[in-house]
Amino acid sequence: MGTFPGGTILQFIACGFDPEIQVCWRARLQRLQGSESEGHIRFGAEMSTSEDFDDFFFDVVLTPAPPQDTLAVELTPARREVRPVLAGCFNAALQWAGRCLYTNGQLTDSVPVARDDTVRLRLRVFYSPSGLPASGASVRIVASATDPIGAHQHFLGRPTGRFFLLDDVDRVDSSTAGVPGQLRLALAEAADTVVIYRTTGVSGVERLFAQASAGGQTRVAQDSLLVRIPGLVALGAGGSIALIGEDDVHPQRWRGTPGMIAALQTLGDRIQTQAAAIAALPPAQRPAGIFPDRLDVNDMSLPWGGLFDQFGTWHHPHKEHRRGTEADVAVPAGPDYDDFARLVRLVWVRELGHTIVSERQARNHFHLRF
Ligand SMILES: [Zn+2]
Ligand SMILES: [Zn+2]
């Protein structure tokens, strides 16, 4: 006996094969009592021939019908936070990353660098609640990069991440490989596979959507990945520190590690103390040069670190300023500022033990490394 969902009414007529008797049955099947899912039904039938007529009833037990299977899709990243690309010559628009090699000041070649921004995505398409695989499902996975904290206030040409199949895993670090933006798949019998996603390499949030279709049904799953250097904090303005170089493209450019922030504060305080001591001297005893009374801090790092594309082009010239451990501080060129430059070196290099790249002549600043 099969099962009959509650409320079902069946009617059928069948005739016997004996030409002498010509028996026909008319049967009517209807649930008479019990719940939708289980209970008793009463089976009633009329039997008739040309001369005779009779009827009878008997009860059968109704068993619950299994719920209908519906399509389900799962997209599960192996991790949800990665580091942005830190390579100095990263071009996010071309997805080209490398160590910069210069000849006579010209960029001549690059050496690929390993990236730490790839994530394995487990994709599973199945029927629920039975758990049966949705064999032959077609799937489209789409990635889009977003910037919920407004680090990069420029949008033209924002790159997309890239997808790789497992067979291509060896090519993940070779910049331009992979399928950009979206991937289409026809799943085999298991309907369970792994896809590799390499983010844009730029800090932000990357959202992933998987749309699966099978058996006339379509379902969507989504997840998101965080691309960032965690733990960067804002350098506070005021006192011995001034923030300079503001623009609308990267409005939050003064983030650093807590250690970097503390070191800059120490440097600023030393400058302010020294300026006050000079100002307290009788004019005749003051040194000849100009001595600023505060530290002017230009570019540091963006809120979540990674590529700081100074000109909104999604690539260098900034080759550092990625990790919250570098800052450009104003140290003007010219002999008037030599005493000031000497104090900055003394504090940053000799006392605090960090390093300086001087861009004083070309760009009126020291590039401080923590
Ligand atoms: Zn930018
Ligand atoms: Zn710099």
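This passage describes a zinc site and three backbone features in a predicted model.

The zinc ion (ligand 2) is held by three residues. The donors are His321 through NE2, Asp328 through OD and His367 through ND1. Their distances to the metal are 2.1 to 2.2 Å. Along the chain, the donors of this zinc ion follow the spacing H-x6-D-x38-H. The two histidines link distant parts of the chain, 46 residues apart. Histidine 321 sits in the loop between strand 20 (295-297) and strand 21 (326-330). Histidine 367 belongs to strand 23 (residues 365-369). Both side of the pair are shielded from solvent by the area criterion: histidine 321 is buried, at 2% relative accessible area, and histidine 367 is buried at 5%.

The loop that carries histidine 321 also contains tryptophan 314, between strand 20 and strand 21. Tryptophan 314 is not a glycine, yet its phi is positive, at about 65 degrees. With a relative accessibility of 2%, tryptophan 314 counts as buried.

Most residues other than glycine have a negative phi. A further exception is glutamine 95, whose positive phi is near 55 degrees. Glutamine 95 is placed in the loop between strand 6 (81-82) and strand 7 (99-103). Its relative accessible area is 1%, so glutamine 95 is buried under the 20% cut-off.

The peptide backbone holds one more feature of note. Most peptide bonds are trans. The bond between serine 128 and proline 129 is cis, with omega about 10 degrees. Proline 129 lies in the loop between strand 9 (118-128) and strand 10 (138-146).

Notes
Residues numbered from 1 in each chain as written. Chains lettered and ligands numbered in written order. Predicted model: local features only at pLDDT ≥ 70, side-chain atom pairs only at ≥ 80, totals over all residues. Heavy atoms only, no water. Donors = N, O, S within 2.8 Å, 3.2 Å for Na, K, Ca; no water. Helix = DSSP H or I, 4+ residues; strand = E, 2+ residues; numbered from the N terminus. Buried < 20%, exposed > 50% of the residue type's maximum accessible area, 1.4 Å probe, protein only.
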